[in-house]
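The following exercises concern a single protein chain. Please work through each task before reading its solution.

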Amino acid sequence: MTHDWLLVETLGSEPVVVAQGRRTQNLIPVGAFLRRNPHLMAVQTAIGETVRARQGLSSITPKNDRVIRTEVVQMTDGRIHGVHIWIGPPDMEPPQRPVPGPLLWDLDTGTATTTEESLFNSGWDTRKEPTQNRTFADDLPMRELNPSEAKVLTMAIQREPGTTFCSAWDVTDYRGEPITVGFVIRTVSEPRDDGPDRLLCRAMNWRSEHEESAPQQDHLAQRILNGLAQPGVHRALVDPTNWTLLKWLDEPAPFFDWRISLAGEHAVHPADRAEMERMATEFTAGVATGVLRMTGVGGSEWTPVHVTVNRVELDDDVYAALATLRQPDATEVAQTGRHAGEP
C-alpha cells in the first residue's frame, strides 16, 4: 500500500474506497482493496471508530509500527458521508490531503445543498456561489456533456435507494481552466420526524487526476448540440415526473426565475396547472408544447414562457424531457386567452 490518503465512502452496508490520493477508485470494498495488507483489521477498526466518534482520530497499530490517522467527511446536516484515512510509519508525515466535499440532492424537492469544499472541488467561485437552495442544474456542468452523465441523470429520475455511481469528469472551472473532478453518489431513503421517508442522493467530490489512458471522448454530440443552438432559446433536461430542472444545455434562461419555477416550490401559475397536465399527457406520446406562466424576475410576479418538451431516452425505458424554453410572441400569448402580466 502506498502512503496516500484513502477516501472511504461509509453510507452503505460496508465501507468502500472511492479515491487513493487524487486517483478515483470505483467503490472497492476496503477488505478487497487492502486484502494483502497486514494492517487491514486496524484500518477497518479506525474507520468504524471515526464514524461513531464523528471526528478525526489518531491511533497506532498493535505492533507499534504504523500510525493511522483519519479525518471525517461530514455533511452540514450532521450525516457522515465518508472517512479519509492514512497509514504510515510513525516517523513519516502524511502528504497534503485533497479535501473532499460533501453535498446532497433532495430528490423530493429538486433542490441541492452543498459545502464550500464541494463548490471548490467542482470549480465554482466559492465567494459567489450559495451553498443552500441550489438546483441540480447548479451542480452539473452547464453546456458541457460528459460521457457518463446519463447515469447521474438516470439516478435522479429513477430514485432507487441503494443505487451508486463513482466516476471522474473533465470540466472547466469558473476561471476557464480545465480540471478533473472525482465524485461518488449514493441514493438513500431516510426517515424524518414529521412525515414519510425522504429520498436523497448523498455525495462527495474531490479534485482528481486526468486519466491519460482514458479513451478519447467523441465530441460529436456536443458539436451537434452547439450547432442547433438558437439566440433566445434555452434548452434544458428536466425530470418529467415532477418537472424538476436537471441540467442546462445552453446558458440559463434569464427571463424567468427558473430556480423557483423548476425546483423547490415548482411555482407555476395555479391557473396553468391544467395546461401542465395536458402537456404531461402529450409528452408520454412524444412532443408537447404550451405557454406557462412562471415566476418572473425584476419585479414581475408571473412571466409567460413558451415550452416545448421532447422525450430523450437516457437509459433503457428511462426518459428525460428535453425542454426548449423561450419568450412567446404576442400571437402565442393571445392564443392562450391570457394577457402576459395577468395575475
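**Exercise 1: Strand pairing**

Identify the bridge partner of Glu-313 in β17, and describe the sheet to which β17 belongs.

Solution. Step 1: the bridge partner of Glu-313 in β17 is Tyr-319. Helices (H or I, at least four residues) and strands (E, at least two) are DSSP runs, numbered from the N terminus. Step 2: strands β16 (residues 302–315) and β17 (residues 318–326) run antiparallel and are joined by nine bridges; two strands count as paired if DSSP finds at least two bridges between them. Step 3: an open sheet of five strands has the order β14-β13-β17-β16-β15, with antiparallel pairing. β14 (244–248) and β15 (288–295) are at its edges with a single partner strand each, so one side of each has no neighbour in the sheet. From one strand to the next, the twist averages 40°. Step 4: helix α8 (residues 273–283) lies across β15, β16 and β17 and runs at about 145° to β15. Axes are lines fitted to C-alpha atoms, for helices over the stretch in contact, and angles run from 0 to 180 degrees between N-to-C directions.

**Exercise 2: Confidence**

State which elements have the lowest and the highest mean pLDDT.

Solution. Step 1: this is a predicted model, in which local features need pLDDT of at least 70, side-chain atom pairs count only at pLDDT 80 or more, and totals for chains, interfaces and linings use all residues. Residues are numbered from 1 along each chain as its sequence is written, and side-chain values use heavy atoms, with hydrogens and water left out. Step 2: pLDDT, the predictor's confidence in each residue, runs from 0 to 100. The chain average is 89, and 92% of the residues score at least 70. Step 3: helix α6 (residues 220–227) has the lowest mean, 63, and strand β1 (residues 6–9) the highest, 98.

**Exercise 3: Helix α5 and the core**

Explain why α5 is described as largely enclosed, and determine what it gives to the largest nonpolar core.

Solution. Step 1: seven of the ten residues of α5 (residues 149–158) are buried (under 20% relative accessible area, 1.4 Å probe, protein chains only), so the rest of the structure largely encloses this helix. Among them are Glu-149, Val-152 and Met-155. Step 2: the largest nonpolar core (buried Ala, Val, Leu, Ile, Met, Phe, Trp, Tyr and Cys residues joined through side-chain atoms within 4.5 Å) has 27 residues, of which Trp-105, Val-152 and Ile-185 touch the most other members. Step 3: α5 gives the most to this core, with five residues.

Note on methods: Buried means under 20% relative accessible area, exposed over 50%, partly exposed in between (1.4 Å probe, protein chains only). Contact means heavy atoms within 4.5 Å.
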